[in-house]
Amino acid sequence: MTEAARVAHVTCLGCGCACDDIVLTVRDGRIVDAERACPLGVAWFGDGRVPGAVQVDGRQAESRVALDAAAELLRGARGRLFVFLGDDLTCAAQRAALGIADRLGAVADGVVSETAADGILAAQRRGRAGATLGEVRNRADLVLYWAVDPDARYPRYRERYAGHPSALHLHHHARTVISVSVGADAGPPAADLHFELRPEREIAVLAELRARLLGRTLGDAAGWGAELTRLAERITRARYVAIVADGESASEERSSDRTEALIALAQALNGPARAALSTLRGGGNRSGAEAVMTWQTGFPFAVDFSRGYPRYQPEVRGAALFERRPFAAVLVAGAPASLPQAMRPAFDGVPTVVVGPRASEAPFPSRVAIDTGVAGIHDAGVALRMDDVPLPLRAAVSGPPSAAGVLERLAALLAGGAR
Amino acid sequence: MSASRLRIVGGTVYDPANGTDGQVRDVCIQDGRIVADVPHGTPTLDARGMVVMPGGVDIHSHLASSACNHGRRLLPEEHAADPAAAPELDPDVAPARSGTGGTLPSTFTTGYRYAGLGYTTVFDAAVAPITARHTHEEFDDTPIVDGGFFVLLGNDEYLLRQVEAGDRNRARDYAAWMIGATGAYAIKIVNAGGIQAWKSGQRNLTEIDEPLGSSRVTPRAILETLTDAANELRLPHPVHVHCNNLGAAGNVKTTMETMEALAGRRVHYTHLQFHCYGRNADGGWTSAADRVIDFVNSDRTVSVDVGQVMFGPATTLSADAPAEYLLQASSGRKWVNIDVELETGCGIVPYRYRERAAMSALQWAVGLELFLLSEDPWRVVLSTDHPNGGSFMSYPALIQLLMDRGARDAMLKRVNPRLLAGSVLADGLSREYTLNEIAIVTRAGPARVLGLRHKGHLGVGADADVTVYTRDSDIARMFATPRYVVKGGVLVVEEGRLRRAPAGRRLRLDPGYDAAVLRDVRRHFDAYATVEFENFPVRDLRDAPLEIG
């Protein structure tokens with residue numbers, strides 16, 4: 001047994017918290033310990049071992065051969081192409097994958113369109129009042145959890161960003177925690193004040209709350225009058241309110257209206273006091289995928305390059321993309337496991353290239369599969385935290401070739417094909 | 001054509017840094033640099049009868065940052081309205097990328113469009129240190145132009161602590177570390193202390209002696225500390241100052257007090273137009289450009305860029321979050337605010353400057369007054385504070401306003417005159433910029449102010465960034481479609497067609513400092529930051545830092 005190596009200051013992409021204080025212990029090429037990591041983080045790192053296969057039609061192949069086959073398949077496809085932008089990639093790998101989509105005139109989309117699109121669209125209509133997580137930590141004297149308990153899906157959020165004792169601007173002001181539960185979407189049990197709302201009242205209550213804070217009333221507290229007054233009164237006393245909501249809420253029917261109402265509330269609270277909406281986002285580098293798409297195309301997701309330039313198609317995103325007509329070929333850039341469940345049936349019979357972590361273990365048949373490293377475990381680079389703060393990723397364990405490297409080679413092959 | 005040698009033949013050369021004002025001569029290029037001569041038989045570009053200038057240098061733009069990307073995300077409607085197909089490049093190079101335009105174009109399109117105007121060097125003027133990695137990633141996707149950025153320090157918590165303690169040496173060492181750790185080129189101050197006040201729920205700081213909590217921390221103290229830090233570090237570009245009280249009626253008082261406070265020091269004041277407003281008896285806006293430009297004319301240590309407003313769409317995007325808060329309140333437009341931990345803020349409001357709007361017309365006039373009353377074009381350089389006063393794509397139209405009094409007067413007749421009564425511009429300014437002066441305010445001047453010795457001129461040893469224009473009585477058309485653009489010796493644009501799109505270089509510094517400061521900075525990080533101290537510096541940056549001194 002060789003000596004264990006310790007790799008410190010590792011960024012974890014187990015959820016959007018992107019805690020960058022993890023210390024990994026690596027022995028014989030395996031991660032044997034992930035110090036400070038939460039259960040999601042421990043699961044994210046695993047033992048750090050991933051397959052390193054390169055396959056064409058299920059058979060092991062030279063990587064050059066596989067890349068040629070992938071390029072030929074994608075270039076030769078007659079009809080619409082789809083490029084899926086995975087979230088377990090570095091920004092560099094996502095940039096290369098999007099370049100391929102552009103080159104091929106493909107439709108490009110990623111995980112955010114299934115999970116967070118409603119929130120992004122609401123912010124495109126209204127803007128937003130936000131903050132990076134350190135502002136929540138150092139300033140928020142009132143943290144209002146709206147229909148989310150971060151402990152389940154964002155386990156260290158409270159410890160790192162909302163519960164810290166040494167806050168720079170909270171010397172004489174204790175932090176008050178308010179927990180609002182909306183139906184089954186429960187706020188955290190540990191809070192100074194608890195409120196409960198029936199889902200059908202939620203939007204009316206948010207609107208009335210905003211009106212009260214602006215010194216008006218809509219007169220519709222949806223039977224929640226006394227509670228509303230109590231909540232509004234407490235919010236009014238705060239200097240800096242952090243409203244924490246789930247940007248990837250499972251309750252889809254409500255999430256669009258909820259997000260827009262929360263954005264409006266957070267914006268309205270600015271002026272006499274300060275406020276920010278802290279939107280919780282899931283794991284991997286999904287904020288990176290959204291950012292890369294935005295800077296390369298002007299749009300955060302659901303981009304169609306088929307006319308030779310990016311077109312925004314937010315109404316036809318995710319699984320809906322496959323409902324109209326089939327794709328002639330698909331490139332999955334990223335782990336196949338990150339594909340939304342709803343998309344998978346659409347892959348049946350479509351020639352598919354997968355480049356990403358555990359590509360060779362895809363739960364659907366692929367013509368070409370090239371395993372790569374995982375962002376932040378084997379691949380160094382950059383990922384964005386849920387608040388868009390960019391963090392370095394370290395290559396803590398050696399693994400298969402980096403996703404960025406493979407995708408850049410594929411992009412170069414496809415570019416060469418133009419001549 | 002990827003020849004390492006090139007001769008640009010017979011053009012009329014405007015190279016003010018070398019005293020060349022419209023002389024016909026060849027410009028010779030070898031291995032990406034200007035050389036005295038090249039051998040017979042070298043490939044040529046025929047520039048006979050054309051105007052030859054160094055490549056353009058944009059001293060103040062917002063093009064590659066986390067803040068820009070928040071702006072892009074906010075504006076899908078603008079991007080949908082301005083699709084940009086991939087330009088068809090020469091067949092021997094990797095194909096170009098598609099994108100979208102609007103006031104905040106996608107990154108590849110930004111690079112192509114800047115190059116298409118003959119601009120080859122661009123600085124992003126406002127990057128929060130914690131987001132520096134993002135800026136480098138975007139620059140990697142912004143081809144052709146050489147790029148750098150200014151790092152925001154005027155509201156930084158650690159810096160403010162040093163100001164409070166009166167420890168200027170430590171403040172200087174911290175600033176030096178920050179520049180190197182983020183890969184920045186200069187120090188930026190935005191609304192000194194005012195963003196911190198906004199984040200703390202206090203009133204914005206509109207006067208330079210207003211205290212920020214402690215009486216020792218004032219805009220004046222912050223400005224002095226960082227100005228001296230930049231100068232003691234011998235940074236090629238002095239501190240880049242966005243004054244307090246942006247956009248407010250009567251803010252000329254703040255601006256003049258700031259300039260007087262820093263008089264005699266090397267300072268750059270940015271988008272000065274937004275800081276030159278008087279106040280009439282009704283509390284409304286008036287032009288005070290003449291007072292401010294008088295000061296600039298007389299203090300030779302000062303440089304400025306104008307921040308001209310151009311009619312049409314804009315996106316106001318600034319670390320000056322309290323100013324953006326006021327703008328969204330008055331305009332009712334959609335609004336992004338992001339508080340950036342321990343460092344700064346960010347506000348974004350889409351906007352449109354309208355000829356028929358009195359305030360827009362006043363802002364337009366104030367900018368032109370600064371240009372036309374300037375006595376030293378080397379120190380009063382061209383900018384629109386892209387995309388705040390308008391897109392960089394409006395530079396040709398701005399150049400026309402400066403060179404062509406007829407075009408200017410025609411526009412003056414169209415705009416809302418309500419706030420222009422008694423203004424210098426309305427009274428008539430006959431000055432017309434010469435081509436040599438345009439070469440100064442768009443190239444030689446900004447390069448000199450930035451301390452870029454290899455940019456902005458065509459002397460031997462300079463970077464071979466050259467723009468060739470076809471003479472045209474329509475000045476805007478002339479500057480919108482260069483005949484040739486050469487970047488680093490490579491022909492990138494020919495008659496409006498992009499031919500090659502090589503990667504640009506990163507312009508950054510790594511100043512020396514007393515490393516003793518780091519122990520204290522680490523304590524600050526450990527106590528308050530959400531990013532590990534070890535993870536803060538951006539490593540593995542492209543291109544070596546430029547030498548200082």
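## Exercises on a two-chain model

Helix α12 (residues 286-297) of chain A packs against α1(B) at an angle of about 80°, and their axes are 9 Å apart. Keep in mind that this is a predicted model.

**Exercise 1. Work out how α12(A) and α1(B) are oriented, and which residues meet there.**

Step 1. Two packed helices are described by the angle between their axes and the distance between the axes.

Step 2. Angles from 65 to 115 degrees count as roughly perpendicular, so α12(A) is roughly perpendicular to α1(B).

Step 3. Now for the residues: α12(A) brings A:A291, A:T294 and A:W295, and α1(B) answers with B:N69, B:R72 and B:R73.

Step 4. Sort that contact by class and you get two nonpolar, two polar and two charged residues.

**Exercise 2. Zoom out to the whole contact: how many residues does each chain give, and which element of chain B gives the most?**

Step 1. Chain A puts in 57 residues and chain B 51.

Step 2. On the chain B side, the elements that give two or more residues include α1 (66-74), α3 (107-116), β18 (335-340) and α18 (517-528).

Step 3. β18(B) gives the most, with six residues.

Step 4. The class count for the chain B side is 22 nonpolar, 15 polar and 14 charged residues.

**Exercise 3. Find the strand of chain A that is joined to β18(B), and give the sense of the pairing.**

Step 1. Strands of a sheet pair through backbone hydrogen bonds, either parallel or antiparallel.

Step 2. Here the partner is strand β8 (residues 127-131) of chain A, which runs parallel to β18(B) with five bridges between them.

Step 3. To pin down the register, take A:A131: its bridge partner is B:D339.

**Exercise 4. Describe the hairpin of β19(A) and β20(A).**

Step 1. Strand β19 (residues 381-384) of chain A pairs with β20(A) over four bridges, in the antiparallel sense. A:G381 stands opposite A:L393.

Step 2. Five residues sit between the strands, and A:D388 has a positive phi near 70°.

Step 3. In a regular strand the side chains alternate between the two faces of the sheet. In strand β20 (residues 390-393) of chain A, A:P390 and A:P392 point one way while A:L391 and A:L393 point the other way, and all are buried.

**Exercise 5. Which strands stand at the edges of the eight-stranded sheet in chain B?**

Step 1. Write down the order, β6-β9-β10-β11-β12-β13-β16-β20; the sheet is open and its pairing is parallel.

Step 2. β6 (56-61) and β20 (380-381) of chain B each have a single partner strand, so they stand at the edges with one side lacking a neighbour in the sheet.

Step 3. Check the β6(B) end: four bridges join β6(B) to strand β9 (residues 119-127) of chain B, with B:S61 bridged to B:D124.

Step 4. Then add helix α8 (residues 219-232) of chain B, which lies across β11, β12 and β13 of chain B and runs at about 170° to β11(B).

**Exercise 6. Is B:F311 buried or exposed?**

Step 1. Locate B:F311 in the loop between β16 (302-305) and β17 (312-318) of chain B.

Step 2. The cut-off for buried is 20 or more other C-beta atoms within 10 Å. B:F311 has 21, so B:F311 is buried.

Step 3. Leaving aside neighbours within four places in sequence, the contacts of B:F311 are B:Y353, B:R354, B:E355, B:S360 and B:W364.

Conventions:
Residues numbered from 1 in each chain as written. Chains lettered and ligands numbered in written order. Contact = placed C-beta atoms within 7 Å. Nonpolar A, V, L, I, M, F, W, Y, C, P; charged D, E, K, R; others polar. Pairing = 2+ DSSP bridges. Buried ≥ 20, exposed ≤ 12 C-beta atoms within 10 Å, placed from the backbone. Axes fitted to C-alpha atoms, helices over the stretch in contact; angles between N-to-C directions. Parallel < 35°, antiparallel > 145°, perpendicular 65-115°, else oblique.
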